[in-house]
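Trainee: Before I plan any bench work, could we go through this model together, one feature after another?

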Amino acid sequence: MRAGRRRAAWKVSVLALGALLVASGAVQADGRQPARETVVRSTADTPVRQAARDLGREVLPEGDGWASEGGGTTGGAAADAAHVFTVRTRAELVRALDGGSDTPKIIKLVGTVDANTDDRGRPLDCADYATGGFDLKAYLKAYDPRTWGAAKPSGPQEQARAASAARQAERVELAVGSNTTLVGQGSDAVLEGGSLQVENADNVIIRNLEVRDAYDCFPAWQPNTGGLGDWKSAYDTIWLRGATHVWIDHVTASDGDRPDAREPVYFARPYLRHDGLLDITNGADLVTVSWSVFDEHDKAMLIGNGDGVTTDRGKLRVTLHHNRFKSVVQRAPRVRFGQVHLYNNRYDVPDGREGDYRYSIGVSTESRIVAENNSFTAPAHIEVADLVKSWNGTALSQRGNEFNGFPVDLLATYNAYNSGSERDLVADVGWTPELHGRIDGARVAARDVAREAGAGRLNLSAPSTSAAKTAVGADQAAHASATTVRHTDRPHGFASLAGGTTGGAGGKVVTVRTQADLAKYAAAPEPYVIRIAGAIEVAPFGSDIVVASDKTLVGVGTSGEIVHGELHLNPGTSNVIIRNLTIRDSYVEGDWDGKTTDFDAIQMDSVHHVWIDHNRLTRMGDGLLDIRKDSDYITVSYNRFENHNKALGIGWTENTKTRITIDHNWFLGTKQRNPSADNCAYAHLYNNYLSAQVDDGDPVWTYGNWARGSTKMVIENSYYDGVQHPYQADAGAELVERGSVLKNTTGRHDEWGAAFDPRSFYRYRLDPARAVPALVRAFSGPQ
């Protein structure tokens, strides 16, 4: 590996757990603040300091649905300390909302806040709101359609009902203004009985909150000329009217303990006490709804409130992904006018009497829905043809959807079975979604949604690893472990010692899309957090991007890449974080051994304090990651080294100095250097996964881990599948292995010497070896 070239190529993407992968607690230009700390348990259940997530400061990731368009959605992330509120009562919540003001604010809701309380916190019921002589029996007698007819109710009882309803509305309607983040703290934050109303506001985030039982004490009777009529309730749990840039995430919405199914029937119609769970109307636009649960309700979600509201054209752009519609009768969603991307959602159709369920996807006037890779589970009496209903709709684009585990064509089925009262739908909706994350298969998404959607799932701390250890099988162990914090903003292992590694923390945050901008900021003398958006092709082929000290390079979205080049850290460089990137394709055809070029993905010479995390490195001209010439205090975690000869080399020195932690990486389709560690003072390898090893017939230079020279290496709880020489050591090295799984392996598995005790340097979480394949598949690489 010659030192005289500097080349780079990447893929960039934000880590799945949220919006802030900006390195190590940097204060960002968009107002995001440093992460605090929380306690995570190590294997021995001893506290380990990890970066905690401040949900109030998190913003919508770039490219995550329509709400990321046009500047994105940051909510109250820019709030100053005076406008960060923790609320436990309705009165405190009302004061924090400030009448729906535009002042940036973060509101953290703790426990259960009941909207039906007076200013002293005393519970209120329907009798407390009734005024003007309202009496339900008198109301029913006055407006019985058999005597009243089809006219709209009027007179004393209707006036009393309206006055009583206004008194309740004053309590339960809660205005949410622009630049607001409303977030539940912990796993049990609930807004009971309230209706969150985001009207003509911009830039709002609602997360990790259960909203339930927006109960209308005084529904109105609405006769119609085509039938008896219907009862109309007033309150949605969340109502977006004319709102823009709204992110609803990890919310659970339901009727609570008072479902409408238990209400009586009056005038031969159900006496409805609840309206929608989430309605998006009156020209609302640029909305993302993710990882939320809509539970046991009739009309879940209405997008567009009228066929004649032509001013909605060009608006109502909504993304719905990874949501669960559980026992929802209809409107999941029903769409008028909007461009709606519906992907990776799970539908559990109610298993009640035939007729309880009406439809899931409603295709109405000028709607343009793209439905892909959604999962529908239904009882035997429900047909595929029941899933879609159209009212004046014309188009539906669909692909990859499943019904009870089998692929289905929603469009063809609808057209084959529609009653003839509606025209056939066509597949051309006139647009193609571009703002979205990775779209998984329907079955995988359904599993993930069942585990992770809804309020209380954004855990702020992790359980002990004992849960994973007692689980039955790797999948259960992986799931138990997956609830822990695996995407923190601070490094662990050796990179966390001797002052730690903070990258560009405290520096300016910039987003780059060109090689010129990347090279300029990466080589600058001052700290920078550099967000890499989109594919950057490096020229000339194989060229270097020099990365100077005090830098964080982090991918944005899931499509960014550095192609045909290398990130190069010159001697003396320190304090660098490289995360969430794909660096690929400087391979020179015919040069499998990398003898004609020195085009690595990342190369560093004589550096210290570097964290390489959640990257994908593949098909480069020489090595994927070269850590050379006495580099020190390094952590390499959760990366994918793919389809390559020489994966990870450490050394090229006569000194014995390097201290390095290598954990939760996937070496997939690589031949050697997985890693090769030459003259490392301490090399700690744990929970790595080696699989699909390339074997080109070379009996010596095809291997897994190699402790070379005077290296002291400790390997723990790793998983080797089909690997030749899984771990080996030179005579002068020391290698200790414990707890690993060897499956279909051959050749050397050396162990001698005492090596060292990693826990004498730092604490760490050790997952069971049998869980490693599932964990690493799920969490390694760009997220």
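The questions and answers below concern a predicted model.

Trainee: Which cysteines does the disulfide join?

Mentor: The structure holds 1 disulfide, and its sulfur atoms lie 2.0 Å apart, which falls within the 2.5 Å cut-off for such a pair. The two cysteines it joins are C126 and C217.

Trainee: How many residues apart in sequence are the parts that this pair ties together?

Mentor: One partner, C126, lies in helix α2, residues 126-129, whereas C217 is placed in the loop between β11 (202-212) and β12 (220-224). The disulfide therefore ties together parts whose separation in sequence is 91 residues.

Trainee: Is the disulfide left-handed or right-handed?

Mentor: The handedness follows from the torsion about the S-S bond of C126 and C217, which is about -80 degrees. Because of that torsion, the disulfide is left-handed.

Trainee: Is C217 buried or exposed?

Mentor: Its partner C126 has a relative accessible area of 27% and is partly exposed. For C217 the relative accessible area is 8%, and a residue counts as buried when that value is under 20%, so C217 is buried.

Trainee: Where is the proline that a cis peptide bond joins to A539?

Mentor: Most peptide bonds are trans, which is a reason to look at the exceptions. The bond between A539 and P540 is cis, with omega at about -5 degrees. The place of P540 is the loop between β35 (528-537) and β36 (543-546).

Trainee: And which residue does a cis peptide bond join to N674?

Mentor: Here omega is about 5 degrees, and the proline concerned is found in the loop between β48 (666-672) and β49 (676-678). The residue joined to N674 is P675.

Trainee: Is R331, with its positive phi, buried or exposed?

Mentor: Most residues other than glycine have a negative phi. R331, which is not a glycine, has phi near 60 degrees and sits in the loop between β23 (324-330) and β24 (334-335). Its relative accessible area is 15%, under the 20% limit, so R331 is buried.

Trainee: What is the relative accessibility of N643?

Mentor: N643 also is not a glycine, and its phi is positive at about 50 degrees; the residue lies in strand β46, residues 640-651. N643 counts as partly exposed, because its relative accessibility is 43%.

Trainee: How many residues make up the largest nonpolar core?

Mentor: The residues with the most contacts inside this core are L93, L196, L240 and I361. Leaving aside neighbours within four places in sequence, L93 is in contact with V87, I107, L109, V113, L174, L182 and L191. A second, separate core of 55 residues includes I578, I662, M713 and Y720, while the largest core has 66 residues.

Trainee: Which strands are at the edges of the open sheet of 8 strands?

Mentor: The order in this sheet is β7-β10-β14-β18-β21-β24-β27-β30, with parallel pairing. An edge strand pairs on one side only, and that applies to β7 (173-175) and β30 (388-390).

Trainee: Which residue of β14 is the bridge partner of V198?

Mentor: Strand β10, residues 195-199, and strand β14, residues 238-241, pair in the parallel sense over 4 bridges. In β14, the partner of V198 is L240.

Trainee: Finally, which helix lies across β7 and β10?

Mentor: The helix in question spans residues 156-172 and runs at about 45 degrees to β7. This helix is α5.

Definitions and conventions:
Residues numbered from 1 in each chain as written. Predicted model: local features only at pLDDT ≥ 70, side-chain atom pairs only at ≥ 80, totals over all residues. Heavy atoms only, no water. Helix = DSSP H or I, 4+ residues; strand = E, 2+ residues; numbered from the N terminus. Buried < 20%, exposed > 50% of the residue type's maximum accessible area, 1.4 Å probe, protein only. Core = buried A, V, L, I, M, F, W, Y, C linked by side-chain atoms within 4.5 Å. Contact = heavy atoms within 4.5 Å. Pairing = 2+ DSSP bridges. Axes fitted to C-alpha atoms, helices over the stretch in contact; angles between N-to-C directions.
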